[in-house]
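Hi,

Here is the structure I promised to pass on to you. Have a look at it first, and my notes follow underneath.

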Amino acid sequence: MFDDRSPELNLFCNGLYDLLPLQTWQQPTCSEGDMAIATSDMTLSGGHPALDFANTVDSRRGRWGPDFLRSYDDIIDLAERVGLVDKHQVHELGALAPVHPRAAAAAFKEAVRLREAIYAIFLSEDAEQPYPGEAFDAVHNLARRARSREILSETDNGFRWLMPITDLVDLVGLFAIGAAELITSRSDRRLIRECKGDNCGWLFFDTSRSGRRLWCSEATCGTHERVKRFRKKQG
């Protein structure tokens, strides 16, 4: 579908590689709108909140960064986007963080540690290797602490175990619980995959029919790879 992007970018994103001026064209990003700069506008292609959380570093292959997770507010933004918290909880957390800056800073530090542990765990899964012990312990300990605070609550869909969001670190616990649930469901799902695109390395659920998907997004990393192969053939 063509839109208001530049003519060259439309050709690139729609697969019309043979029409590109190969000598002058620089490979772009086919993301919607401008390049993402924060968790509020990053692409969510992981297929699970814990994977999107791990993907808050823009690139891990070839280069590292930029990092979309720069403050506690960035954690709130992502948690709302992936459906872990509602608007009321977003408002409460957003008001609580400035009042307790040390607690917010500690929760943020915990979040970064958890993010790297999640990434290490599922990167090893993509390689079909055992989970790294230190990363596994980090997820396990945070998830266990969060689980201990859950309350059996009645919802519109029946009774569920829910964690009251009263402390700033509780938000981090929700992502830890999600990662733990991915680990415990491993025998019932496909392996988590790492995007093989240049300057990517994001994690994703492979929902393709064949189960052989290589890229987090067909529109971005997949298209980039096809263009690279095409240009190589052209010499």
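A nonpolar patch sits on the surface of this predicted model. The patch is formed by L152, F159 and W161, which together have about 390 Å² of accessible area. One of these residues, F159, belongs to strand β2, which covers residues 158–162. With a relative accessibility of 57%, F159 counts as exposed, because the cut-off for that class is over 50%.

H48 is the other residue I looked at. You will find H48 in the loop that connects α1 (7–13) with α2 (49–54). Although H48 lies in a loop, its relative accessible area is 16%, so H48 counts as buried; the limit for that is under 20%. What is H48 in contact with, once its neighbours within four places in sequence are left aside? The partners are G178, L182 and F205.

Now for the chain as a whole. The protein chain has eight helices and four strands, and along the sequence they follow the pattern α-α-α-α-α-α-β-β-α-β-β-α. The chain has 235 residues, and 46% of them count as buried. Its accessible surface comes to about 13,200 Å², with 53% of that belonging to carbon and sulfur atoms. If you take the contacts between residues at least 6 apart in sequence, 58% join residues at least 24 apart.

Happy to go through any of this with you.

Best wishes

Note on methods. Residues are numbered from 1 along each chain as its sequence is written. This is a predicted model: local features need pLDDT of at least 70, side-chain atom pairs count only at pLDDT 80 or more; totals for chains, interfaces and linings use all residues. Side-chain values use heavy atoms; hydrogens and water are left out. Patches are made of residues with over 30% relative accessible area and no salt bridge: like charges are joined within 9 Å, nonpolar side chains (Val, Leu, Ile, Met, Phe, Trp, Tyr) within 5 Å. Accessible areas come from the Shrake-Rupley method with a 1.4 Å probe; for residues, only the protein chains shown count as cover. A salt bridge is a side-chain nitrogen of Lys or Arg within 4 Å of a carboxyl oxygen of Asp or Glu. Helices (H or I, at least four residues) and strands (E, at least two) are DSSP runs, numbered from the N terminus. Buried means under 20% relative accessible area, exposed over 50%, partly exposed in between (1.4 Å probe, protein chains only). Contact means heavy atoms within 4.5 Å.
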